[in-house]
Amino acid sequence: MTKNSYIGAMDRLVHPDLKDVSLAAALHALSDPLRLEIVARLVQCPCLNASTSCVEGTPRSTISNHLNVLRAAGLVETSAEGRERINRLRRADFDARFPGLLDSILANRA
């Protein structure tokens, strides 16, 4: 692999088609309190970067890992804007795939 192709591969972010996301994957992504807090923040603010997604005292690498899990479950879409990675909640798509699930979980979070 050449240096340029490696750098290009790092920039690609994979976003699954929600029809390929299982209910188990969605529930797993929403089962972690920190990931649920990130989702709740995205509901309040439509786009956040990794630093504004952070919960106080949580390492940025941990937030990045949680965002990867949320992205793999079809909850978050991440785009590169300059040096920033902007995260958006895929609310309409997720609600179409799992009607009422996100509302129910957010309404009952501790």
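This briefing covers the fold, one helix, one loop residue, an aromatic pair and the salt bridges of a single protein chain. The model is predicted. The protein chain has 110 residues, of which 35% are buried. Its secondary structure consists of 7 helices and 3 strands.

**Overall fold**

- Read from the N terminus, the order of elements in the protein chain is α-α-α-β-α-α-β-β-α-α.
- Of the contacts in the protein chain between residues at least 6 apart in sequence, 65% link residues at least 24 apart.
- The exposed surface of the protein chain is about 6,600 Å², and 54% of this comes from carbon and sulfur atoms.

**Helix H3**

- Helix H3 covers residues 33–44, and its 12 residues should span 16 Å at 1.5 Å a residue.
- The end C-alpha atoms of H3 lie 17 Å apart, which agrees with the expected span.
- The N-terminal end of H3 is capped by Asp-32, which places a side-chain oxygen 2.8 Å from the backbone nitrogen of Leu-34.
- Leu-34 is also one of the buried residues of H3, together with Arg-35, Leu-36, Ile-38, Val-39, Ala-40 and Leu-42.

**Thr-58 and its loop**

- The loop between helix H4 (50–53) and helix H5 (60–72) contains Thr-58.
- Thr-58 has a relative accessibility of 19% and therefore counts as buried, the cut-off being under 20%.
- Apart from neighbours within four places in sequence, the residues in contact with Thr-58 are Leu-34 and Ile-63.
- Of these two contacts, Leu-34 is among the buried residues of H3.

**Aromatic pair**

- The whole structure holds 1 aromatic pair.
- This pair is formed by Phe-94 and Phe-98, with ring centres 5.2 Å apart and planes at 50°, so the arrangement is tilted.
- Phe-94 is buried, at 0% relative accessibility.
- Phe-98 also counts as buried, with a relative accessible area of 8%.

**Salt bridges around helix H6**

- A search of the whole structure gives 8 salt bridges.
- Arg-91 and Asp-95 are joined by a salt bridge with an N to O distance of 2.8 Å.
- Both Arg-91 and Asp-95 belong to helix H6 (residues 91–97), where they are 4 residues apart, about one turn of the helix.
- In an α-helix there are 3.6 residues a turn, so residues three or four places apart point the same way.
- Arg-91 is partly exposed at 23% relative accessibility, and Asp-95 is partly exposed at 22%.
- A salt bridge also links Arg-91 to Asp-103, with the closest N and O atoms 2.1 Å apart.
- Because Arg-91 is in helix H6 and Asp-103 in helix H7 (residues 101–107), this pair ties together parts that are 12 residues apart in sequence.
- Asp-103 is partly exposed, with a relative accessible area of 43%.

**Other salt bridges**

- Arg-90 pairs with Asp-93 in a salt bridge whose closest N and O atoms are 3.8 Å apart.
- Arg-90 is buried at 14% relative accessibility, whereas Asp-93 is partly exposed at 42%.
- A network of salt bridges connects Asp-17, Lys-19 and Asp-20.

Methods: Residues are numbered from 1 along each chain as its sequence is written. This is a predicted model: local features need pLDDT of at least 70, side-chain atom pairs count only at pLDDT 80 or more; totals for chains, interfaces and linings use all residues. Side-chain values use heavy atoms; hydrogens and water are left out. Buried means under 20% relative accessible area, exposed over 50%, partly exposed in between (1.4 Å probe, protein chains only). Contact means heavy atoms within 4.5 Å. The expected span of a helix is 1.5 Å times one less than its number of residues. A polar contact is a pair of N or O atoms within 3.5 Å; within protein, one must be able to donate a hydrogen and the other to accept it, and residues adjacent in sequence count only if both atoms are side-chain atoms. Rings of Phe, Tyr and Trp (its six-membered ring) pair if their centres lie within 6.5 Å; planes under 30 degrees apart count as stacked, over 60 as edge-to-face and the rest as tilted. Accessible areas come from the Shrake-Rupley method with a 1.4 Å probe; for residues, only the protein chains shown count as cover. A salt bridge is a side-chain nitrogen of Lys or Arg within 4 Å of a carboxyl oxygen of Asp or Glu.
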